[in-house]
Structures are given as structure tokens and as C-alpha cells.
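This briefing introduces a structure to a reader who has not met it before. Please look over the sequence and the model first, and then follow the points below by topic.

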Amino acid sequence: MDIFSHALWGGAALGRKKRNEFLLAIGFSLMPDFLGEGIMFLLVILGLPGMPGLEHGHPDITEFPAYAQGFYNATHSLVLFSLVFALVWLLKKKPFLPLAAWGLHILIDIPTHSFRLFPTPFLWPLSGFKVNGIGWESPLALALNWTLLAAVYSLWFYRQRKARGK
Ligand SMILES: [Zn+2]
């Protein structure tokens, strides 16, 4: 999924109560792509040896060296997310809900990434199984995604206005 949609879904799902929780949920929604794809493309721009070129458009994930793929694997793993979420829960003695936006990001990516563009390694490092999703860049997925986002935010703002009016 694109980063704008990730941010909006994370904020709407896990940051509706307080303004700072909304911003945190957006931050955790963006984190996997900034620390995953973001770092990988930074390494490309820095010209590190073994990196794919960008002259043929978006490179496939298999064109990157294994250590660079590691950034995407780690940030898009439900296994790693669950461990971190449980650890934070243990330390804080209560669940830290904005962090769940990271997990939501992975769940949204699974059906919206095809084998053509960075399929989601959600079971890493336990398994290399990946789903050949529809691809968020397809017209059908784009239309569905933005229609649903518009509906969710309209409903949220409508309810807020109604609550304030009382
Ligand atoms: Zn992602």
C-alpha cells in the first residue's frame, strides 16, 4: 500500500481518541516503509556495491543484496512485530495501542502487494511464504482503498461534529 493510505488507515484505526495517539499511530504506520524500503533506496542512492540500478524503474526485491532485503523482512514481519508488541506490553504492563499500527501496516500490505512489487514477508524469519496480492497500484485496489478511506473519515468527522453539538 502507498504511504499516505498507510498513515490514514493507522490514524483512523488506532489514533481516534487523542491527538498525540493519532500522530503516534501515523508514525508507526509509516515506520515499516521508512525503515524498510526507505533505507534500501537510500543505500541505492549512496551507490553501495551490489545495489540494483533505478534506470529500469522500481527494482525487484530479489535484485537487492540479502542484507538490504533484511530491512524489508524485519519491518514487514508479523512475527517480529508480535514479539515487540508483547515486550512493550510486558514492560508498560498494558498494551500500547498506537504501536499496533505497525501490525496493521503489515496486514494491509499482505493482500495489496503482488509478487511483482515487494511481496510481504509477514512470516519472516520462520517462513519465506508470501501472498501474491492484487497490487495496491491496480485501479480496482486504488478505487476501493480511497472510497473506503473517504467513508471512514467522513463518518469519523460526522460523529465528532455530532458529539460536539450535544
Ligand atoms: Zn509496507
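Among contacts in the protein between residues at least 6 apart in sequence, 57% join residues at least 24 apart. The model is a predicted one. Its secondary structure comprises six helices and zero strands, and buried residues account for 40% of the 166 residues.

**Overall layout**

- Read from the N terminus, the elements follow the order α-α-α-α-α-α.
- Along the principal axes, the C-alpha atoms of the protein fill a box of roughly 60 × 40 × 30 Å.
- Glycine 27 is placed in helix α2, and with a relative accessibility of 37% it counts as partly exposed.
- Between glycine 27 and glycine 165 there are 31 Å in space, C-alpha to C-alpha, and a separation of 138 residues in sequence.

**The zinc site**

- The zinc ion has as its protein donors Asp33 (OD), His76 (NE2), His105 (NE2) and Asp109 (OD), at 2.0 to 2.3 Å from the ion.
- The arrangement of the four donor atoms is irregular because the angles they subtend around the zinc ion run from 88 to 176°. A tetrahedral arrangement would need all angles to lie between 85 and 135 degrees.
- Along the sequence, the spacing of the donor residues is D-x42-H-x28-H-x3-D.
- The two histidines link distant parts of the chain, being 29 residues apart: histidine 76 belongs to the loop between α3 (66-75) and α4 (78-92), whereas histidine 105 belongs to helix α5 (residues 100-112).
- Histidine 76 and histidine 105 are both buried.

**Helix α5 and its partners α4 and α1**

- Two packed helices are described by the angle between their axes and by the distance between those axes.
- For α4 and α5, the packing angle is about 165° and the axes are 9 Å apart. At this angle, α4 is roughly antiparallel to α5.
- The crossing formed by α4 and α5 is left-handed.
- On the α4 side, the contact involves Leu78, Leu80, Phe81, Val84 and Phe85. On the α5 side, the residues met are Ala100, Trp102, Gly103, Ile106, Leu107 and Ile110.
- Helix α1 (residues 3-14) and α5 cross at roughly 130°, and their axes come within 10 Å. The two helices, α1 and α5, are therefore oblique to each other.
- Where α1 passes α5, the crossing is right-handed.
- From α1, the residues that make this contact are His6, Trp9, Gly10, Ala13 and Leu14. From α5, they are Ala100, Ala101, Leu104, His105, Ile108 and Asp109. Two of these α5 residues, His105 and Asp109, are also donors of the zinc ion.

**Helix α1 against helix α6**

- The axes of α1 and α6 are 11 Å apart, and the helices pack at an angle of about 35°.
- α1 passes α6 in a crossing that is left-handed.
- In α1, Phe4, Ser5, Leu8, Trp9, Gly11 and Ala12 take part in the contact. Their counterparts in α6 are Asn145, Trp146, Leu148, Leu149, Val152, Tyr153 and Trp156.
- Trp9 of α1 appears in the contact with α6 and also in the contact with α5.

**The buried residues of helix α3**

- In α3, the buried residues are Ala68, Gln69, Tyr72, Asn73 and Thr75.
- The elements that cover these buried residues include α2 (19-45) and α5.

**Backbone features in the loops**

- The peptide bond that runs from tryptophan 124 to proline 125 is cis, and its omega is near 5°. Proline 125 is located in the loop between α5 and α6 (139-165).
- Phenylalanine 118 is placed in the loop between α5 and α6. Although phenylalanine 118 is not a glycine, its phi is positive, at about 50°. With a relative accessible area of 1%, phenylalanine 118 is buried.
- Lysine 93 is placed in the loop between α4 and α5. Its phi is also positive, at about 65°, although lysine 93 is not a glycine. Lysine 93 counts as exposed, with 72% relative accessibility.

How values were computed:
Residues are numbered from 1 along each chain as its sequence is written. This is a predicted model: local features need pLDDT of at least 70, side-chain atom pairs count only at pLDDT 80 or more; totals for chains, interfaces and linings use all residues. Side-chain values use heavy atoms; hydrogens and water are left out. Donors are N, O and S atoms within 2.8 Å of the metal (3.2 Å for Na, K and Ca); water is not among the atoms, so sites may look incomplete. Four donors count as tetrahedral if all angles lie between 85 and 135 degrees; four count as square planar and six as octahedral if opposite donors are over 155 degrees apart and all others between 65 and 115; anything else is irregular. Helices (H or I, at least four residues) and strands (E, at least two) are DSSP runs, numbered from the N terminus. Buried means under 20% relative accessible area, exposed over 50%, partly exposed in between (1.4 Å probe, protein chains only). Axes are lines fitted to C-alpha atoms, for helices over the stretch in contact, and angles run from 0 to 180 degrees between N-to-C directions. Angles under 35 degrees count as roughly parallel, over 145 as roughly antiparallel, 65 to 115 as roughly perpendicular and the rest as oblique. A crossing is left-handed if the near helix is turned anticlockwise from the far one by less than a right angle, and right-handed if clockwise. Contact means heavy atoms within 4.5 Å.
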